[in-house]
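Here are some exercises to work through with the model open in your viewer. Try each task before reading its solution.

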2 protein chains.
Amino acid sequence: MPTQPISWIAVDWGTSNLRAWAMSGDDRPLQRFESDRGMGRLTRAEFEPVLLELIGAHLPERPVPVVVCGMAGARQGWAEAPYVAVPCAPPVTGVRVPTADPRLEVTILPGVRQDRPADVMRGEETQIGGFLARESGFDGVLCLPGTHTKWVHLSARELVSFRTFMTGELFALIGGQSVLRHSLAGEGWDEAAFAEAAADTLSRPATLAGALFGLRADSLLHGTGPAVCRARLSGLLIGAELAAARPYWLGQQVAVLGEGAMARAYQAALAAQGVTARLLPTEDITLAGLTAAMRHMRNHT
Amino acid sequence: MPTQPISWIAVDWGTSNLRAWAMSGDDRPLQRFESDRGMGRLTRAEFEPVLLELIGAHLPERPVPVVVCGMAGARQGWAEAPYVAVPCAPPVTGVRVPTADPRLEVTILPGVRQDRPADVMRGEETQIGGFLARESGFDGVLCLPGTHTKWVHLSARELVSFRTFMTGELFALIGGQSVLRHSLAGEGWDEAAFAEAAADTLSRPATLAGALFGLRADSLLHGTGPAVCRARLSGLLIGAELAAARPYWLGQQVAVLGEGAMARAYQAALAAQGVTARLLPTEDITLAGLTAAMRHMRNHT
């Protein structure tokens with residue numbers, strides 16, 4: 001149990017997961033909570049009970065601000081927090097959501113939209129706010145790897161433009177459910193196979209379509225193992241993404257938000273193109289973004 | 001019930017489906033049988049019982065040749081019929097499979113392999129044999145749309161080279177299971193949206209990676225309906241395939257084996273590139289290929 005009193009609650013409510021932090025009056029995390037009750041499997045009426053189940057026992061007997069980012073603000077979420085359009089600063093004000101429990105003072109931060117080419121984000125804008133809170137002078141490109149990887153051009157503390165790639169979701173679907181699953185089942189990762197495949201689709205994106213079934217045929221005919229097949233599939237998809245995202249990273253200062261294998265794969269593929277990208281841990285950045293919003297609300301209400 | 005006696009059984013045993021035809025002595029189909037007990041869900045011991053369940057009641061009390069093509073000849077199938085390597089004529093001899101029921105004289109036709117780039121087929125080689133049995137002078141390219149679409153270069157009655165694209169499987173996975181499923185759910189097909197999307201990835205294959213999530217964003221921000229989204233997804237994938245398969249169809253005589261919506265989509269995308277492709281019904285062709293093998297065996301045993 002935290003010894004300091006809880007001042008507010010930070011919440012990152014995504015499609016698949018829910019994370020919450022009990023925060024001190026000086027904006028330090030006192031306790032962390034996590035659940036798999038993501039927005040994707042909840043009806044509107046379930047959000048408040050799910051949040052109370054996770055943190056209710058730790059709430060003081062007085063109203064506490066709860067600042068939420070992510071898919072909870074989607075039309076099918078807890079309450080719709082309409083998108084803000086680029087160019088814009090990361091949103092720090094949101095939509096107040098009525099609750100049955102008087103201890104909750106919930107605000108959901110909006111996502112960001114771009115009309116042409118059509119694109120949307122929910123959650124990443126708050127990470128971007130956290131990043132800019134620490135590096136206010138940054139002018140360049142953020143890459144946020146994930147199920148839906150985002151490339152974001154930042155300038156003068158604003159999101160200028162962004163583009164989303166379904167690379168993470170495609171890797172999971174193709175690697176886990178297509179005929180290729182037979183060739184990828186197993187352990188390991190072959191760095192050289194990744195690099196070669198990424199270079200291949202980066203220079204000739206058209207090769208992706210034929211190379212996919214080639215993974216299966218290679219394992220059938222030549223006994224190519226799962227470590228090579230898995231790294232190649234990842235390389236083919238990330239290379240094709242980098243080819244399409246070239247206007248974002250070419251000649252730019254690039255930072256990658258992430259610390260896992262996927263973030264390192266992006267870093268490696270960029271390095272092969274002569275781009276040195278820093279890796280930044282996401283959880284710190286998310287919390288910094290929610291804190292930036294809380295501070296704004298504290299100073300403006 | 002057929003009035004003519006059954007002379008032999010033709011079988012096309014794919015991953016998802018099993019089709020069989022009772023054939024007359026002059027090689028005409030007397031009766032057709034179909035089942036969803038494809039190779040993908042059967043153990044080795046189940047093939048004979050499944051076939052008997054489908055056709056057993058119609059078998060005469062004497063041994064009858066059963067000619068099988070497709071995935072039943074895979075390593076995990078009924079019995080492995082090892083691949084024949086290109087360049088080769090469509091195989092007309094196969095592997096004899098012992099059976100418990102003395103009325104069955106089963107032969108499984110082999111698939112075809114290509115070592116570089118690695119590729120395999122099982123079943124299509126028999127359709128190709130049926131096509132060549134009718135058009136022995138054909139020199140050009142066959143496109144066989146399906147879960148795994150094949151492009152095959154034919155010359156002098158032989159398969160010279162081929163390439164497989166997972167376009168059908170990708171469409172089903174991305175359209176049915178990714179975040180795009182929300183934007184594709186519904187009816188209809190927008191021909192103009194298909195043509196525009198296909199032209200887009202055909203001329204610039206790199207655009208595929210970013211355009212996919214764009215379908216979702218377009219439906220969220222601009223209310224784009226499922227008929228447009230579904231046709232666009234198909235167009236993006238088929239256009240990317242055509243870009244990769246360009247060496248196959250450019251300046252070639254092209255025939256498409258298929259009669260459904262997918263075959264017509266390929267035909268339309270090729271027509272937009274100035275290639276006039278004929279459509280040929282697959283079932284007739286499959287039966288012609290199995291018949292060509294039966295005739296060969298009849299004359300050589």
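## Exercise 1: An arginine in a loop

B:Arg75 has a relative accessible area of 49%, so it is partly exposed (buried means under 20% relative accessible area, exposed over 50%, partly exposed in between, with a 1.4 Å probe and protein chains only). Before going on, note that this is a predicted model, in which local features need pLDDT of at least 70, side-chain atom pairs count only at pLDDT 80 or more, and totals for chains, interfaces and linings use all residues. Residues are numbered from 1 along each chain as its sequence is written, chains are lettered from A and ligands numbered from 1 in the order in which they are written, and side-chain values use heavy atoms, with hydrogens and water left out.

Task: find where B:Arg75 is located and which residues it touches.

Solution.
- Step 1. Place the residue: B:Arg75 is in the loop between β4 (64-70) and β5 (84-85) of chain B. Strands (E, at least two residues) and helices (H or I, at least four) are DSSP runs, numbered from the N terminus.
- Step 2. List the contacts (heavy atoms within 4.5 Å): leaving aside residues up to four places away in sequence, B:Arg75 touches A:Leu220, B:Arg44 and B:Glu80.
- Step 3. Take one of these partners: B:Arg44 is 31 residues from B:Arg75 in sequence, with 9.8 Å between their C-alpha atoms.

## Exercise 2: A threonine in a strand

Task: decide whether B:Thr149 is buried or exposed, and describe its surroundings.

Solution.
- Step 1. B:Thr149 lies in strand β11 (residues 149-155) of chain B.
- Step 2. Its relative accessibility is 0%, so B:Thr149 counts as buried.
- Step 3. Not counting residues up to four places away in sequence, B:Thr149 touches B:Cys143, B:Leu144, B:Arg163, B:Thr164, B:Phe165, B:Glu241 and B:Tyr266.
- Step 4. Look also at the backbone nitrogen of B:Gly146, which lies 3.2 Å from a polar atom of the B:Thr149 side chain.

## Exercise 3: Two packed helices

Task: work out how α6 (residues 207-222) and α7 (residues 226-244) of chain B pack.

Solution.
- Step 1. Recall that two packed helices are described by the angle between their axes and the distance between the axes.
- Step 2. For α6(B) and α7(B), the angle is about 180° and the axes are 10 Å apart. The axes are lines fitted to C-alpha atoms, for helices over the stretch in contact, and angles run from 0 to 180 degrees between N-to-C directions.
- Step 3. α6(B) is therefore roughly antiparallel to α7(B) (angles over 145 degrees count as roughly antiparallel, under 35 as roughly parallel, 65 to 115 as roughly perpendicular and the rest as oblique).
- Step 4. From α6(B), the residues in contact are B:Leu208, B:Ala211, B:Leu212, B:Leu215, B:Asp218 and B:Ser219; α7(B) supplies B:Cys229, B:Arg232, B:Leu233, B:Leu236, B:Leu237 and B:Ala240.
- Step 5. Sorted by class, this contact of α6(B) with α7(B) has 9 nonpolar, 1 polar and 2 charged residues. Here Ala, Val, Leu, Ile, Met, Phe, Trp, Tyr, Cys and Pro count as nonpolar, Asp, Glu, Lys and Arg as charged, and the others, Gly among them, as polar.

## Exercise 4: Two copies

Task: what turn and shift lay chain A on chain B?

Solution.
- Step 1. A turn of 180° with a shift of 0.0 Å along the axis lays chain A on chain B, with an RMSD of 0.0 Å. Copies are superposed by least squares on the C-alpha atoms of residues with pLDDT of at least 70 in both.
- Step 2. That is the relation of a two-fold axis.
- Step 3. In chain A, the C-alpha nearest the axis belongs to A:Pro205, at 2.9 Å.
- Step 4. The same surface serves both copies, as 100% of the contact residues of chain A recur in chain B.

## Exercise 5: Backbone and burial

Task: inspect the backbone at A:Asp27 and A:Pro117, then the burial of helix α2 of chain A.

Solution.
- Step 1. A:Asp27 is not a glycine, yet its phi is positive, about 65°. A:Asp27 sits in the loop between β2 (18-23) and β3 (29-35) of chain A, and counts as buried at 11% relative accessibility.
- Step 2. The peptide bond from A:Arg116 to A:Pro117 is cis, with omega near -15°. A:Pro117 lies in the loop between β8 (112-114) and β9 (119-121) of chain A.
- Step 3. In α2(A) (residues 124-134), 9 of the 11 residues are buried, so the helix is largely enclosed by the rest of the structure. Among them are A:Ile128, A:Phe131 and A:Leu132.

Conventions: A polar contact is a pair of N or O atoms within 3.5 Å; within protein, one must be able to donate a hydrogen and the other to accept it, and residues adjacent in sequence count only if both atoms are side-chain atoms.
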